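Biologist: Please pick one part of this model and take me through it closely. I would like to follow it outwards, from that part to whatever surrounds it.

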Amino acid sequence: MVASGRTPGTRTRQAIAVLGAGSWGTALAIHLHRAGHDVRLWARDANLVDAVQRSGSNSRYLPDQSVPREIRLTGDIGDAAGNASYVVFRFQ
């Protein structure tokens, strides 16, 4: 054990908001989910949110990957970012 009370090599589950459900954001959300985090994926397009929730994939931007049901998709940026430990976005 280390001073933090964690065993070396263990990770703490974090709530992470990914802003943008394009190919980059969707791929990052899937990766973070697989790494054991609580992921919220925000999309500005409500139709995209509905389509991904229905089909389990982002056929518009990342058609070859399934989006795990545990990733919370939302069109409400406050819902995505609220109480998140980290907010990730791609600045252009």
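Modeller: Happy to! A word on naming before we start: helices here are DSSP runs of H or I with at least four residues, strands are DSSP runs of E with at least two, and both are numbered from the N terminus. Please also keep in mind that this is a predicted model. By that naming, the protein has three helices and six strands, in the order β-α-β-α-β-β-β-α-β from the N terminus on. Of its 92 residues, 33% are buried. Among contacts with a separation of 6 or more, 57% link residues that are 24 or more positions apart.

The part I would pick is β2, residues 38-42. Four of its five residues are buried, so the rest of the structure largely encloses this strand. Let us see what does the enclosing.

Start with the strands paired to β2. It runs parallel to β1, with five bridges joining the two, and Val18 stands opposite Leu41 in this pairing. β2 is also parallel to β5, through three bridges, and here Leu41 faces Leu73 as its opposite residue. Leu41 therefore has Val18 opposite it in one pairing and Leu73 in the other. The route from β1 to β2 goes by way of α1, and together these elements form a right-handed β-α-β unit.

Just ahead of β2, the loop that follows α1 contains His37. Is this residue buried or exposed? His37 is buried, because its relative accessible area of 12% is under the 20% cut-off. Beyond its sequence neighbours within four places, His37 contacts Thr12, Arg13, Gln14, Ile16 and Leu32.

Now for the nonpolar side. The largest nonpolar core has 15 residues, and those with the most contacts inside it are Val18, Ala29, Val39, Leu41, Val67, Ile71 and Leu73. At least two residues of this core come from each of β1, α1, β2 and α2. As a general background, nonpolar side chains in soluble globular proteins tend to be buried together. Val18 gives a good local view of the core: leaving out neighbours within four places in sequence, its contacts are Gly25, Leu28, Ala29, Leu32, Val39, Arg40, Leu41, Trp42 and Val88.

Follow the chain on from β2 and you come to α2, residues 46-55. At its start, a side-chain oxygen of Asp45 comes within 2.9 Å of the backbone nitrogen of Asn47. Leu48, Val49 and Val52 are the buried residues to look at in this helix. Why do they share a side of α2? They cover an arc of only 105° around the axis, which places them on the same side. The general rule behind this is that an α-helix has 3.6 residues a turn, so residues three or four places apart point the same way. Asn47 and Arg54 are exposed, on the face of α2 turned away from its buried side. The buried residues themselves pack against β3 and β5, and β5 is a strand that also pairs with β2. Just after the helix, Gly56 has a positive phi of about 80°.

Next comes Ser57, in strand β3. With a relative accessible area of 19%, Ser57 is still buried. Apart from residues within four places in sequence, its contacts are Ala51, Val52, Gln65, Ser66 and Val67. Val52 is one of the buried residues of α2, and Val67 is listed among the best-connected members of the nonpolar core.

To close the circle, go back to β2 from the direction of α3, the helix where Asp79 sits. Asp79 is partly exposed, at 33% relative accessibility. Not counting residues up to four places away, it touches Arg40, Arg72 and Thr74. Asp79 and Arg40 are 39 residues apart along the chain, and their C-alpha atoms are separated by 8.4 Å.

One backbone detail on the way to the C terminus deserves a look. The loop between α3 and β6 holds Asn83, whose phi is positive at about 60° although it is not a glycine. Asn83 is exposed, with a relative accessible area of 77%, in contrast to the buried His37 in the loop ahead of β2.

Notes:
Residues numbered from 1 in each chain as written. Predicted model: local features only at pLDDT ≥ 70, side-chain atom pairs only at ≥ 80, totals over all residues. Heavy atoms only, no water. Core = buried A, V, L, I, M, F, W, Y, C linked by side-chain atoms within 4.5 Å. Buried < 20%, exposed > 50% of the residue type's maximum accessible area, 1.4 Å probe, protein only. Contact = heavy atoms within 4.5 Å. Arc of directions from axis to C-beta. Polar contact = N/O pair within 3.5 Å; in protein donor to acceptor, adjacent residues only side chain to side chain. Pairing = 2+ DSSP bridges. Right-handed = clockwise from strand over helix to strand, strands pointing away.
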